[in-house]
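Subject: Structure for you to look at

Hello,

Here is the structure I promised to pass on. Please open it first, then read my notes below.

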Amino acid sequence: MSAPSRTTPPSSTVLPLSDVSNPDATQLSPLDAATYAEWFACLAEPTRVRLLHAIASAGRDTTVGELHTRLGISQSTCSHHLRKLADVGFVTLRREGTATLVAVNPACCTGLPHAADAVMGMLGPRPCCPDDVPADVTVRALEPDDWADVRRIYAEGIATGHATFETEVPERRELDRRWLPGHRWVAEVHGRVAGWTALTATSTRPVYAGVAETSVYVGAEFRGRGVGKALLHKQVTAADADGIWTLQTSIFPENRASVALHQSAGYRTLGVRERIGRHHGVWRDTVFLERRRVGDPDTP
């Protein structure tokens, strides 16, 4: 989204994306920092933000005349700010007869969110998994005798009101049908089941064979002592070893501890899904998080 040269058509504007493949990189390069600063400085003028929004929301090429009428500003002011937006690369300008047509530079749709994520550290190296797992927590595969404890802990999570849209614990047969074999884990503390985690396939289509939805629950009396960290450690390392390339989960925003726990295991927040479902008659939002497989050069 850098400014196009005089000899380069706007459609070929190059988007300078930060290289985040280096796990040791902790700082933006000076060139990227200067580029992003130029973008943000351009948008420090409210009229330009309004113009960019009007152009993007139009969904088609827009004339300068339409824009100055819609925003209630003079044509000269409109033209001035459009030139500034075009210089940075947010929009493209082209003449058609006596009219100047304005369109959003397609690179803008990728570049601006990327810049914000890069500056806020969202694109930097993420941890593989929690590294401060307590020594007295053991994680092992779920066994048939564990189902009663698993369902009891599930019920304790439901009782908090911030763990799931479920209002009743699913039957064992239903959970056994949903959960992927080989990715059902329980945590033990002094021989007692303290929590569990499991993966569920997101689709039956082969193309999504490596994408799974995750769940993790910690018993009420064991919360705050690292059981969740131990479960997430096993969850993500086992998924990585088994070739599962994407883990995803949805968490109520009120459950800040769970969001932080997942971020410690390399999950990143992709967005908030507003009013995605009703819970006890109330519309609820969820935070959508994703984790990509670590250490596989073939993973996108």
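Start with the sheet. This is a predicted model, and it holds an open sheet of seven strands with mixed pairing. The strand order is β4-β5-β6-β7-β8-β10-β9. At the edges stand β4 (137-141) and β9. Each has a single partner strand, so one side of each is left without a neighbour in the sheet. From one strand to the next, the twist averages 25 degrees.

One pair is worth finding on screen. β5 (residues 179-189) pairs with β6 in the antiparallel sense, over seven bridges. Look for Glu188: its bridge partner in β6 is Val193.

Next, two helices. α8 lies across β4, β5, β6, β7, β8 and β10 (282-292). It runs at about 150 degrees to β5. α9 lies across β7, β8, β9 and β10. Its angle to β8 is about 165 degrees.

Now the largest pocket. It has about 1,100 Å³ of space. Its lining takes in 41 residues, and the closest to the centre are Ala163, Val216, Tyr217, Asn255 and Ser258.

Which strand gives the largest share of that lining? It is β7, with six residues. Other elements that each supply at least two residues include α6 (147-160), α7 (172-178), α8 (227-241) and α9 (256-264). Strands β6 (192-201), β8 (246-251) and β9 (268-279) each do so too.

By type, the lining residues divide into 17 nonpolar, 16 polar and eight charged.

Best wishes

Conventions:
Residues are numbered from 1 along each chain as its sequence is written. This is a predicted model: local features need pLDDT of at least 70, side-chain atom pairs count only at pLDDT 80 or more; totals for chains, interfaces and linings use all residues. Side-chain values use heavy atoms; hydrogens and water are left out. On a 1 Å grid over the protein atoms alone, a cavity is a set of points where a 1.4 Å probe fits but cannot get out, and a pocket is an open set with protein on both sides within 12 Å along at least five of seven lines; lining residues have an atom within 4 Å of a point. Grid points are joined across faces, edges and corners, and a volume is the space filled by probe spheres set on the points. Helices (H or I, at least four residues) and strands (E, at least two) are DSSP runs, numbered from the N terminus. Ala, Val, Leu, Ile, Met, Phe, Trp, Tyr, Cys and Pro count as nonpolar, Asp, Glu, Lys and Arg as charged, and the others, Gly among them, as polar. Two strands pair if DSSP finds at least two bridges between them. Axes are lines fitted to C-alpha atoms, for helices over the stretch in contact, and angles run from 0 to 180 degrees between N-to-C directions. Contact means heavy atoms within 4.5 Å.
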